[in-house]
Amino acid sequence: MEHPVPFVDLQSLLRRQMGELREALDEVLQSGRFIGGPKVDELEQALADLVGVPHAVACASGTVAEHLLLMAAGIGPGDEVLVPDFTFAATVEAVLLVGATPVFVDIEAETFSMDLAAAQRAMSDKVKAVVPVSLFGHPAHLAAFEAWCENEGILMLEDACQSMGASEGGRRSGSFGNAAFTSFYPAKPLGGLGDGGMVFTRDGELAERVRRLRHHGETGHHLHGEMGTNARLNALQCAALLVRLRSFPQELQWRQEAAERYEAALGGHFVTPKVREGAASSWAQYTLRLPDAQQRDAFRDSLQQRGVPTVVHYPRPLHTQPGLQGRSYRLTPTPVSERVCGEVVSLPISADIQGSDQRRVIEAALEWAGSA
Ligand SMILES: Cc1ncc(COP(=O)(O)O)c(C=O)c1O
């Protein structure tokens with residue numbers, strides 16, 4: 001039996017960068033400076049430049065980055081926040097953590113991102129913010145949401161946790177609206193060696209407030225102008241991410257090439273993911289849609305037998321998660337989210353996916369298509 005294909009090939013990535021990573025971590029060890037310091041500043045500047053905004057604030061994870069952002073924006077009890085019904089659970093957790101009410105909004109099937117018309121129908125005078133999610137690396141309708149939010153006088157906070165490096169109309173994901181947040185979870189397009197996240201914004205005051213809140217609301221030495229939390233990103237993680245950043249443009253290119261190989265081989269046999277005109281995906285996931293859940297199970301079993309793992313991102317609409325029951329939320333009709341949850345299946349993809357592994361995925365998928 002051949003080795004199983006890794007769903008995300010972190011081992012190949014680590015082999016490629018191990019020397020540089022060790023050197024960078026060693027530099028921090030020698031310095032003894034683990035909290036704050038030059039590596040944190042350097043990473044924030046480098047990512048602000050990459051995204052194209054003046055301010056970036058490093059945080060302990062993508063989830064706390066969103067939490068701090070909502071706190072800093074003054075969103076809380078009595079406020080509503082629009083979120084897609086099809087996304088990772090963290091998107092809504094931060095809304096609940098500040099005591100605001102999430103409003104679940106439908107997505108469009110083609111890009112898996114929030115449907116602007118559905119968001120418009122979900123509006124109320126309590127809505128203070130909208131969180132479009134650039135899911136699987138594909139930018140949400142960022143410019144359209146930006147214009148609409150500006151017009152409505154509500155905040156647009158993009159969930160860019162899966163979309164570092166993606167763009168729309170030449171502008172990077174992370175640079176639209178009032179602010180955005182991303183994640184450095186190891187399997188993300190720009191993954192670190194553990195948890196991490198970042199807030200991006202053009203708004204200097206908002207950035208300053210996030211910066212204060214991540215460090216206990218400190219406004220002077222042992223002076224807490226407001227109560228915050230501890231949500232800092234440590235210097236070892238920042239040093240590792242600065243190394244990861246060196247090869248990031250090349251990795252985006254590799255992901256793009258892997259997605260093109262999938263499209264060329266599978267496009268005629270499956271509903272493959274499409275990239276909107278003028279957009280570029282960072283291909284955090286390569287997600288097919290199969291006609292129904294039964295077929296999907298058969299497809300997944302067939303690939304698994306050939307050593308090819310698949311993942312269902314995501315098996316149920318967010319509003320049906322058990323942890324949400326008994327919580328206060330508002331649901332608008334989400335038939336597309338309901339349907340898509342039964343259809344989606346993600347294939348292995350990562351910057352370092354090996355050619356021989358990808359060929360095995362393609363052969364296994366085509367074999368199933370031939371027999372189905
Ligand atoms: C869409 C989305 N939002 C938020 C998060 C939360 O990021 P983190 O895992 O860094 O807390 C993730 C990643 O896991 C995500 O995929």
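**Exercise 1. In what order do the three strands of the open sheet lie, and what is the sense of their pairing?**

Solution. Keep in mind that this is a predicted model.

- Step 1: Walk across the sheet and you read E7-E6-E12, with antiparallel pairing.
- Step 2: Now look for the edges. Strand E7 (171–172) and strand E12 (279–280) are the edge strands, as each pairs on one side only.
- Step 3: Zoom in on E6 and E7. Two bridges link this pair in the antiparallel sense.
- Step 4: Pick out a bridge partner. Glu168 has Arg171, in E7, as its partner.

**Exercise 2. Work out the strand order of the eight-stranded open sheet, then explain what happens at its edges.**

Solution.

- Step 1: The order runs E1-E9-E8-E5-E4-E2-E3-E14, and the pairing is mixed.
- Step 2: Strand E1 (55–59) and strand E14 (330–331) each have a single partner strand, so one side of each has no neighbour in the sheet.
- Step 3: Check the E14 end. E3 and E14 run parallel and are joined by two bridges.
- Step 4: Find who faces whom there: Phe104 sits opposite Leu331 in E14.

**Exercise 3. Describe how domain 1 and domain 2 meet, starting from their bounds.**

Solution.

- Step 1: Split the chain. Domain 1 covers 10–246 and domain 2 covers 248–371.
- Step 2: Count the residues in contact: domain 1 brings 54 residues and domain 2 brings 42 residues.
- Step 3: Get the spacing. Between the C-alpha centres of the two domains there are 24 Å.
- Step 4: Turn to area. About 3700 Å² is buried between domain 1 and domain 2, with carbon and sulfur atoms giving 56% of that.
- Step 5: Ask who contributes on the domain 1 side. Asp85, Phe104 and Phe136 together supply 19% of the area domain 1 buries against domain 2, more than any other three residues. You've already met Phe104, opposite Leu331 in E14.

**Exercise 4. Sort out the polar side of that interface, then list what domain 1 puts into it.**

Solution.

- Step 1: Begin with charge pairs. Five salt bridges cross the interface of domain 1 and domain 2.
- Step 2: Look at the salt bridge between the side chains of Glu80 and Arg330, with an N to O distance of 2.8 Å.
- Step 3: Widen the search to polar contacts, and 29 residue pairs turn up across the interface.
- Step 4: Name the elements of domain 1 that give two or more residues to the side touching domain 2. Among them are helix H1 (10–31), strand E2 (80–84), helix H4 (90–97) and strand E3 (101–105).
- Step 5: E3 gives the most, with five residues.
- Step 6: Sort that side of domain 1 by residue class: 28 nonpolar, 15 polar and 11 charged.

**Exercise 5. How many salt bridges are there by the rule, and why are Glu42 and Lys39 about one helical turn apart?**

Solution.

- Step 1: The count is 20 salt bridges.
- Step 2: Take one pair: the side chains of Glu42 and Lys39 form a salt bridge at 4.0 Å, N to O. The cut-off is within 4 Å.
- Step 3: Both residues belong to helix H2 (residues 38–51). They are separated by about one helical turn because they are three residues apart in that helix.

**Exercise 6. Track down a cis peptide bond and a residue with positive phi.**

Solution.

- Step 1: Recall the background: most residues other than glycine have a negative phi, and most peptide bonds are trans.
- Step 2: The cis bond joins His313 and Tyr314, with omega about 5°.
- Step 3: Place it. Tyr314 is in the loop between helix H10 (293–305) and E14.
- Step 4: For positive phi, go to Phe112, where the value is near 60°. Phe112 lies in the loop between E3 and helix H5 (116–121).

Methods. Residues numbered from 1 in each chain as written. Predicted model: local features only at pLDDT ≥ 70, side-chain atom pairs only at ≥ 80, totals over all residues. Heavy atoms only, no water. Domains from an automatic or database assignment. Contact = heavy atoms within 4.5 Å. Buried area = accessible area lost by both parts, 1.4 Å probe. Polar contact = N/O pair within 3.5 Å; in protein donor to acceptor, adjacent residues only side chain to side chain. Helix = DSSP H or I, 4+ residues; strand = E, 2+ residues; numbered from the N terminus. Nonpolar A, V, L, I, M, F, W, Y, C, P; charged D, E, K, R; others polar. Pairing = 2+ DSSP bridges.
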